[in-house]
Amino acid sequence: MSGLRWFLLWFISLTWNCASAETIYPAVRPGISLAFPVDFGAHLQFRIEWWYLTGWLDQEKSAPLGFQLTFFRLRPGLQENNPSSFAPRQLIMAHAAISDPVLGRLRSAEKSARAGFGIATAEIGDTSVGIDDWSLRREAGAYVARVRSEALSYELTATPSIAPVLQGENGFSRKAPDPHHASYYYSQPQLDVRGWVDEDGKRLEVSGRAWLDHEWSSEMLPAEAAGWDWLSVNLLDGGALMAFRIRGKTGDVLWAGGSAQTPGQAPQILAPADIMFTPLRRWHSGRSGADYPVEMTVRAGKRLLHLVPLMDDQELDSRRSTGTAYWEGAVRALGEDHREIGRGYLELTGYAGRFSMQ
Amino acid sequence: MALTPAAAQALGVAVGDRLRLVSGSETVELNVIALLPGVGGSQQLAVADIATVQSRFHRLGRLSRLDLIFAPDQSASAVLAAIAGVLPAGVAIAPVDEVEARAERLSRAYRVNLTLLAPMALVTGAFLVFSVQAASIVRRRSELAFLRALGMTRRELLGGLLTEAATVGIVGSLLGLAAGLALAALALHVIGGDLGAGFFRGGTPTLVIEPLQLGIQLLLGVAAALAGAWLPAREAASTPPALALKAGDDERALTLLDRKAPGLICLGVGSSALLLPPIADLPLGAYAAIALWLAGSVLLLPQLARSLFASRLFARVAASRGPARRLAIAQLRGAPGLTSIGTAGVVAATAVAAAMAIMVGSFRHSVDQWLAAVLPAELYVRVSRGAEAGFLDVPTQRALTNVPGVARVDFIRQSSLLLKADLPPVALIARPQKTAPASLVGGQVTDDSGKYDLPVIWASEAMADLYGWRVAQRVTLPIGGKAQDFLVGGFWRDYSRSFGAIIIDLDQYRHLANDELANDAALHLASGEQAAEVMERLRQLPAGDVLDVADASEIRGKSLAIFDRTFALTYALEAAAVLIGLAGIAASFSAMAAGRLREFGMLAHFGLTHRDLRRLIGIEAAITTGLGIGVGMLLAFAIALVLIHIVNRQSFHWSMDLQIPWLALAGFGLSMQLAAVIAAIGAARQALGSRAIRAVREDW
C-alpha cells in the first residue's frame, strides 16, 4: 500500500463534515461477495479506492530495484450536481517510486487530476485507471503499468500466477474494533513482471515479482488511529503473506490483520491476535526527523519473518505537497535460519509526527 | 473563490465573507475562502474553480484559454503546427512571449507617444540653453579678448569656456531632473499613470526611477549647453585680441551660423523621414521629421532674418519716421545673427505649442462629432459597470422593450475576435445596422445588384491599417465557432478602440452565432417622454438593481472630460514651451543689451532719451519675435498635419478632421509677441542706466 493512502484517509476523516450533506456514500458491509472482473474495476460510489502495485525487479548488471505504483480514486462529494464537465466528481491521483540501492534513496513522481475528458479516468467493469500517459490497466488478464516522468519512467506487465486472495471475511476487511471501519480488499500476489525501467535515458530490461492490492471504502480509519505498519510478501515457495496493524495515538495497537497462503492451499485469514510486529532497528531520517523501525520481526500466524530493507532510506518526504512523510520500501523477508524466504514491501506511516496541512 | 490581497483590500472583504458578483442580469454570491498566497503587488484578481465559474456564470461548455505545457522531448514548433491544424475558427495558438507581447502592445502606442512628447519639450529647452550660452560668451567678448592679450592661450580659453558651459549644464540638468521627478511624483499622485485615459485600470502606478533614462536626459542637457558654447567659444579663442577688443564686432562671432546647407539638409531629411513606414508600429519617422524641421528652421533663421531685413519692403519701412524705428531696423539689418539666436527659442516654442493646439483641437472636434454619431439614442443601459460577466438575457431584453415611454430599443452584443495571434483581439459589435454607420469615413460598397451575395460588415479604420482590409473586400471571420465570409462595406471612425472593431447587423449575428444575449441597449424614447422618468421605471425592473443606466449627454460629457484630462498634459507641455521661449527672449535681449552698452551710451550722448532707447529695444524685439512667431506658426501647421495624419494614424489607427482654432492661435501669437517685447525691455532695462554713459568712456 502507498503511504499516501494514510494521508488521504486522514484527510477524509478531517473533511468528513465539509462534504455536502446530501452526498451518501455506501457503507462497507460483511457478507457481500466480490465478483470479478467487475470488482477489478472502479467503485465510483465509494469515497476512496486504490490500486497498489509493488514489487521487486531484477536487472542483469546491478542490484535489484523496488518499484511501486499507486492509483487513487476519490469521490469528494462536492459539486456533484454541477453540470460542468470540470466538476470534481471524482479525483484521480497517482504516485510512483523506484527504490534504487545504487542511488541510495527513492526516485518518485506524482500526478493528480479531476476525472474527465478521457484524460484522467477510473473505469468501471475492469481495472483501468490513468492520468495522461500514466496508467494501470488489465489487458488480456495481465496488469500493464505505464509511468512517464522526468524522475522515473517504466512500463511493466504483471501476469498473475495464482488466483486473487480475498482479504478478511471474503473481501470484507476490518480496520478497527468498530466494524464500520472496514474496506473491501483483495490482493493479487505472485505477479510475474516483465518490462523496462528508464535509467539515465536508457531502457533497462527488467523482470521480477509483484503484488497488487485493490481496496475501496467509505469510512476506513477511526479517529484514534495514528499510523499503520503494512507488509506484503511474495514468498519464494510460491506462497503469499500480508500483515498490517493500525496503531493508536498512545502507541497501542487498535487492530491488526492479515493472510498467509501456502501454495496449493486456501489462504489462511489471520485474526488480530495472530499478528505481532516487533521493531529490531530504527533508522533516523535527517530529512523529517522521524525514526522508522526499518528492520522488524513479524509474526503472522505460524510464520515468523525477519524483515531487512533493500536500503535504509526509502522515506518519501512529501511534506511540502501533502504535509506528510512516510517510509515505504522494498524489504527482504528472512526465515528463522536467516535465509531469504521472500521479498515484499513494507509501509510505515505515522512516524513523522502529526500530519499538518501547513 | 480566492482573492489577491489587493483585490480583498479594494473590495473591503476578508476571508469568510461573501461577495456578490454579477452574472448575466443576476447576482451570484461566492464565499471568499482564502487570499492567494504569493500574488502580491497591485494585481486585483479573483480565482475560483473552473467548474464553479462555468456553472454559476453561464459559461458551461466554454473555455476562454488553454495553457499548454509541452513534453520535454517535443519541438515547440511541431506541436504548435499540429495543434493549429485542428483548432476551430476563432481560436489561435501562440507561444507565451507572443501573448505577452500582445498585452504589452495594448498600451504601447500611448506610452511611447507620451515618451516622445517629452523630448519635444526638451528640444525647445535645448534651444534656450543654446542661445543663453552663446549670448553669455558673446557678451564677454572683450573680457575674453583681454584675457588672451594677457597671455592666455587659445586652448586654455576654449577649455575654460567649455568647462564653464559643462558645469552650468550639469548643475542645470541636475536641478531640472530633481524638479522633473518631483513633478512626476506629484502628477502620478494627482492624476494617475495614464492621465485618466483608462489604459491601466486597476493598478496604482508607482514612480519608477530609471537611472539610464535619467542619465541620458542629463547628458542631453549638458550637450545642449556645450553646443551653445562651442561656436562663440571657438570664435572668441581664435579672434586676434586686438580685433575683439574693438567695439561693434560682436556679430563676427556668429558668422559661422551663416551657412544655408545644414538647415536645408535638416528640412530635406526631415521631410523624407515622413515617408518611412511605422517602425515597430510606432511613428518614429514622423517624430524624426518634427525634430529635424525644428532644427532646420532654427538653423535657417539667421539667413532668413538677413534676407528679410535686407529686402526692399523692409527698407521702405525703415525709411519711415522716428529715430528709434530707424535705428532698430538698421541694427537688425547690420547684425541679424545675435537677435535670431534669441528667436530660436520662440520658433521652437511657437511651433510645438501651436501644433499641439491644432492637433488637440482637431481631435476634440472630431471626437465630439463622433460621440454624437455613435450615441443616437437618449438612454443607454448595460449590466453593471464594465463587468464582462454581465449581460442582458432575453427576459431582461423583453422587459426593457416593454418599459412605457420607450419607443425603440437597439440591443448591442459585444464580443471579441482574435484574428491574429500577435495582435490584441478585435471587437465584434453586433447591433441593428442595415445601412452604413453614421461615423463612416471614405467610400462604401453599393450592392444594389446583389452581385456580392454576402452579408456586409463595417470595419473601423484600424482594420484597414492593421489587417490591410479594403472596401468591398471579402473577409472571413470566426463567428459562432465557424468561419463565415463577409463583405467589407466600408470603414468607420472609432476613437474608443485602436486595435480594430467590426460592426455586424444584429439579426445577421444572431442568425450566425445563435447568441440571443446583449451587452448594451440603446433606448430611443417616445416623443415627449422625460429621460429621468424612464430611468426611474428602468430601476423598478426585476434586474433593475444591476442595470447601469446613463443618458447620452452624460456619456458624452464624461467622454469629453476624459479626453480633456488626457490632454491636460499637452497643455502643460505647451505652457512649458511658451515659458521657455519667453525666457529665451529675455536672456538674449539681456545679453544683447549688455553687449551694446557702448552703443546705447553713444546714443544717449547724441540725445536719445531712455524712453527712445526702450522704444528702440522694444521695436527690435517685436520684429525679431514677430519673425520667430511667423516661422513658428508656419512650422506648427506642418507639424500639426504630421501629428494628425501620421502620428495619430500610425499609433492609434484613427483619422480626424483638421480643425484649426484660428482665434486661439491668433490670441496665442499676439500674447507671445507682447510678452516677448515686455521681457526684452525688462531685460534690457538694466543696461540703460548710468552704465551706458560710463561705457562710452570704457571704449578707448
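1. A good place to start is the helix pair in chain B: helix 6 of chain B and helix 7 of chain B are roughly antiparallel to each other, a label given to angles over 145 degrees. Their axes come within 8 Å and cross at roughly 150 degrees, with helix 6 spanning residues 154-190 and helix 7 residues 211-238. Axes here are lines fitted to C-alpha atoms, for helices over the stretch in contact, and angles run from 0 to 180 degrees between N-to-C directions. The crossing of helix 6 and helix 7 of chain B is right-handed (the near helix is turned clockwise from the far one by less than a right angle). By class, the contact of these two helices has 19 nonpolar, 8 polar and 2 charged residues; Ala, Val, Leu, Ile, Met, Phe, Trp, Tyr, Cys and Pro count as nonpolar, Asp, Glu, Lys and Arg as charged, and the others, Gly among them, as polar.

2. Please keep in mind that this is a predicted model, in which local features need pLDDT of at least 70, side-chain atom pairs count only at pLDDT 80 or more, and totals for chains, interfaces and linings use all residues. Residues are numbered from 1 along each chain as its sequence is written, and chains are lettered from A and ligands numbered from 1 in the order in which they are written.

3. Now the make-up of each chain. Chain B has 22 helices and 15 strands, while chain A has 1 helix and 23 strands; helices (H or I, at least four residues) and strands (E, at least two) are DSSP runs, numbered from the N terminus.

4. On burial, 36% of the 700 residues of chain B count as buried, and for the 358 residues of chain A the figure is 52%. Buried means 20 or more other C-beta atoms within 10 Å of the residue's own, exposed 12 or fewer, and partly exposed in between, with C-beta atoms placed from the backbone.

5. The two chains do meet: 6 residues of chain B are in contact (C-beta atoms within 7 Å) with 8 residues of chain A. On the chain B side there are 4 nonpolar, 2 polar and no charged residues.

6. Finally, you may like to look at P272(A), in the loop between strand 17 (268-270) and strand 18 (275-284) of chain A. P272(A) has 16 other C-beta atoms within 10 Å, so this proline is partly exposed. Leaving aside neighbours within four places in sequence, P272(A) is in contact with W255(A), A256(A) and G257(A).

Notes: Parallel < 35°, antiparallel > 145°, perpendicular 65-115°, else oblique.
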